[in-house]
Amino acid sequence: MSKPEKSSSADSPHRGEPKNILITGGAQGIGRCTARHLLSQGHSIFLLDFNEPELTYTTKTHLAAYAPRISSALCNLRSPASIKECVSAAASFFSNHIDVLINNGGIARAYFTGGKTMEDPDTLSEWTAYLETNLTAPFLVSQAVIPYMKRASPSPSDEPGGCIIHISSFRAHQSDPNCEGYASTKAGLLGLTHAMAVSAQQWGIRVNMVSPGWISVRHENRAGDEKGLKWEDSHGDKDHAQHLAGRVGRGEDIAEAVEYLMHAGFMSGQEVVVDGGASKRKNPNV
């Protein structure tokens, strides 16, 4: 059995009461790392993903030490019916109360496939997939969660209340060629974040967004575990030098930003960019 890597805050007590947290796209990558970090803080986690082998491995093997606070369901984020069914399953696992939703699931590939450009009419199917998975799904999952998260009568309180966190990307603000589908949907999450934050005030729910930069999580999967891959194996000095923080990002960097937003009761409608300062450097090749 693969032992979970220790979070950088694994020995620190969580703030406040343990939370019931639903994470989409939780079988690998940033989602898996975030789940591991939050489990290490004493919270309970329900994962949704479409990759059944990875989801089973993550739930039953990689995070098995955290049972019974971890469960999961196979979910097609392009299917409204699947989303409703899976959110209902998560709610049942959490005794009908969800504190935090992390909308992490989506198409992670930045570029159109096969070297296609937007001039190619065949990109329409990929464009549609990006929209349905990266933008429509976060809206629908959030919609399905509201009945299990909202307060009956919101009032001023020091308690942070329910929280929805969208995981976007630095590509919401800057692009490479042939990234129209990915960049547009990640930028769309920015608009969705502030719109939902205004609407969700009536239910005592805060909505924020994390925009990761270069976060290296290629090892965060079953194959990476079996090969013994680590974050430090993947990058050289040139990669690290592009960041003002002096290194490429880790999945834990996003997990810690998410954890902060969970407890930041005076933050709603905001974007938190976690890119090691890379976007502030004019010439990344310096």
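Colleague: Why is Trp127 called partly exposed?

Modeller: Its relative accessibility is 31%. Buried means under 20% relative accessible area and exposed means over 50%, with partly exposed in between (1.4 Å probe, protein chains only), so Trp127 counts as partly exposed. One caution: this is a predicted model, where local features need pLDDT of at least 70, side-chain atom pairs count only at pLDDT 80 or more, and totals for chains, interfaces and linings use all residues. Residues are numbered from 1 along each chain as its sequence is written, and side-chain values use heavy atoms, leaving out hydrogens and water.

Colleague: Fine. Where does Trp127 lie?

Modeller: In helix 4, residues 123-149. Helices (H or I, at least four residues) and strands (E, at least two) are DSSP runs, numbered from the N terminus.

Colleague: And what makes Ser216 buried?

Modeller: Its relative accessible area is 3%, and the cut-off for buried is under 20%, so Ser216 is buried. Ser216 sits in strand 7, residues 215-216.

Colleague: Which residues is Ser216 in contact with, leaving aside its neighbours within four places in sequence?

Modeller: Trp231, Ser234, His235, Val248, Gly249 and Gly251. Contact here means heavy atoms within 4.5 Å.

Colleague: Why is helix 1 described as largely enclosed?

Modeller: Because 12 of the 12 residues of helix 1 are buried. Among them are Ile30, Cys33 and Leu38.

Colleague: What span is expected for helix 1, and how far does it reach?

Modeller: The rule is 1.5 Å times one less than the number of residues. Helix 1 (residues 29-40) has 12 residues, with 16 Å expected, and reaches 17 Å from its first C-alpha to its last, which is close. After helix 1 comes Gly42, with a positive phi near 100°.

Colleague: What about strand 5: why call that enclosed?

Modeller: Because 6 of the 6 residues of strand 5 are buried. Gly162, Ile164 and His166 point one way, while Cys163, Ile165 and Ile167 point the other way. In a regular strand the side chains alternate between the two faces of the sheet.

Colleague: How do you know that strand 5 pairs with strand 4?

Modeller: Two strands pair if DSSP finds at least two bridges between them. Strand 4 and strand 5 are joined by 4 bridges, so they pair, and they run parallel. Ile102 stands opposite Ile165, for instance.

Colleague: How many bridges join strand 5 to strand 6?

Modeller: 6 bridges, and these strands run parallel. In strand 6, Asn208 stands opposite Ile165.
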